[in-house]
Each structure stands twice: as C-alpha cells, then as structure tokens.
Amino acid sequence: RYSSLLLVPEFELTCHKALMNFRNKRIIASLILAILLPFESAAFAAGGKKGKKRTSIGKKGFGAKSPSLESIVAKFPNRIPDNAVECTCPCGSGGLYQDCCSPFHKKEKILGAPIDVLRTRFTAFVWRMPQHIIETTHPTCRDYIKDKEVWAKDLNRDGMFDSYEFVSLEAEPQIFDAEDENIGYIDFKVNLRANASNGPHLEGHEIVVRERSKFIRSGKPLSWSYAAGEVTSDVAGIEDVQLNS
C-alpha cells in the first residue's frame, strides 16, 4: 500500500543521483513518487493507490471483541514531547499546542473549518498520531479503509514519515465551492528534510511538496474532514506533474 523503498539506502542513493542528473520528466516523476510515497498516503491524509477500498476479514473467532482504535495506537511509538502542552504548535499557527491543535486532538472542539483539519493533521504527522489521521479522513477518500485496525497498522508501518523531519507548513487561505458550502479547498506546501535513517547521502536533503486538498463537511454534528488531494513538487522540470494521479 505504501512505499517502503525509503528504507533501502541503495535505492535512495539511486534516486538522489537521478534527481540530480536526469532530465526526463517521467523518470524523475516516478522516482519522486518512490521517495515521497507515503505522501500519497499522506496527501496529508492516509495514502494509497487508486482502486478498490481495502477491507479485511478478521481472523478472530465469532464473538471476539475487536480492540479499540485507541488501544491499538497506544502500542505504537510516537513523537509527542513530554511537555507538549507547553510547546509551540507544530502546525505553524504560532500558538501553544494546548491552545491550538490539542483541543481538536482530544475531541474537545469540532473541526469547524478546512484549515482546522489541515493544521491538526499536519501536527498529527509531526508527532506521529495516526488515530487523528484516520478519524479525519472522509469515507469518500480513496485512502479510506473500513477496517481501522488494518489502517492503523499500515500507517504505523509505512505512513508516518519516519524518514523525514517536518520543517514547515505554509497554507493559502481556504476557499469554498461556489455551489456547495460543504466543500472546501486549501493549497499548501510542506517542507520535509531527510533524516539520518536515509543514510549520509540523503540526510539533510530537503523536499518541497505542494498539495491542493479537498475537504468535505458532513456528519452530526457537522464537521470537516479530508477527502482528496493533488500532489506536486517544486523539483525543476516536473512542476506540472501530478505525483499521485
């Protein structure tokens, strides 16, 4: 579902050399896809390839109670600082986490605007909080998986950007569909920096990724969630190539 090629140093080095030397758009685009996925899994969402939505058949016996999503993710590693409430929120708002994204993560506030979804999801990726990613993905999203346990384990394994440091999020003003006030869009860019797990050849290398995200307001009470995204990169020569098409 998600690319695990980020874990292969030889492949990363090949991609790096190719990005520096190749001029063919299709070749570069395919290489960036290999580097950036799970950005499609993110697409600041969840990620995945086009096709049927995944489901699973449980192996537990009849009558066995499925574990809660909370209990599943509690076993995963995270990057939440011990003093998170005192930290400046990673989303770039400038406020403290306790006053910014925390109330949404704790479900104390409803996601009342597309920008709330974008910022809280960004923070969730920075601090490795897959439950929020799952709970803020709209069912119409191609990345949506009915089986939350499978989805959570997928994200934990390959979808939380463990090979990168999040440098910044820059978002344009949110806009709304002229014919449907329950559909909104945001154009934004994210700066990622390869960490030591990528090996010495790529460590410190920064990638700028742009996305136009679609958000939908639904449910009772009404709340916004992520529905789709078009991902591009600032790499010279492929600015017009959609990487997750």
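## Cysteines without a bond

A disulfide is a pair of cysteine sulfur atoms within 2.5 Å. By this rule, the count in this predicted model comes to 0 disulfides. Why does C87 have no bond to C89? The closest cysteine sulfur to that of C87 is in C89, and because the two lie 9.6 Å apart, they are too far from each other for a bond.

Where do the cysteines sit? C87 is buried, with a relative accessible area of 17%. C141 also counts as buried, at 2% relative accessibility.

## The chain at a glance

Let's step back to the whole chain. The model has 8 helices and 5 strands. Following the sequence, you meet the elements in the pattern α-α-α-α-α-α-α-α-β-β-β-β-β.

Of the 245 residues in the chain, 47% are buried. The chain exposes about 12,900 Å², and carbon and sulfur atoms supply 53% of that area. Among contacts between residues at least 6 apart in sequence, 63% join residues at least 24 apart.

## How confident is the prediction?

The mean pLDDT of the chain is 80, with 73% of the residues at 70 or more. Over residues 1-28, however, the pLDDT is below 50, although the model gives this stretch 58 contacts beyond near neighbours in sequence. Residues 33-58 also stay under 50 in pLDDT, and here the model has 98 contacts beyond four places in sequence.

## Two helices to look at

Start with helix α5, which covers residues 102-105 and includes H105. Is H105 buried or exposed? H105 counts as buried, because its relative accessibility is 15% and the cut-off for buried is under 20%. Leaving aside neighbours within four places in sequence, H105 is in contact with Y97, T120, T123, A124, M129 and H132.

Helix α8 spans residues 148-158, and its buried residues are W151, A152, D154, L155, N156 and D158. An α-helix has 3.6 residues a turn, so residues three or four places apart point the same way. Which helices help to cover the buried residues of α8? The cover includes α4 (69-73) and α7 (130-135). At the start of α8, a side-chain oxygen of D147 comes within 3.0 Å of the backbone nitrogen of E149.

## Strand β3 and its partners

Now turn to the strands, beginning with β3. Of the 12 residues in β3, 10 are buried, so this strand is largely enclosed by the rest of the structure.

Strand β1 (residues 164-171) pairs with β3 in the antiparallel sense over 7 bridges, and F166 has L192 in β3 as its bridge partner. Strand β2 (residues 175-176) runs antiparallel to β3, joined by 2 bridges. There, I175 stands opposite Y185 in β3. β2 and β3 form a hairpin, with 6 residues between them.

## On to β4 and β5

β3 (residues 183-194) also pairs with β4 (residues 206-218), in the antiparallel sense and over 11 bridges. Two places to find this pairing in the model are R193, which stands opposite E206 in β4, and N191, which stands opposite V208 in β4.

β4 is in turn joined to strand β5 (residues 223-233) by 10 bridges, and these two strands run antiparallel. I216 has S225 in β5 as its bridge partner. What do β4 and β5 form together? They form a hairpin with 4 residues between them, and G219 in the turn has a positive phi of about 85°.

Conventions:
Residues numbered from 1 in each chain as written. Heavy atoms only, no water. Buried < 20%, exposed > 50% of the residue type's maximum accessible area, 1.4 Å probe, protein only. Contact = heavy atoms within 4.5 Å. Polar contact = N/O pair within 3.5 Å; in protein donor to acceptor, adjacent residues only side chain to side chain. pLDDT = per-residue confidence, 0-100. Pairing = 2+ DSSP bridges. Areas by Shrake-Rupley, 256 points an atom, 1.4 Å probe, with all protein chains shown as cover.
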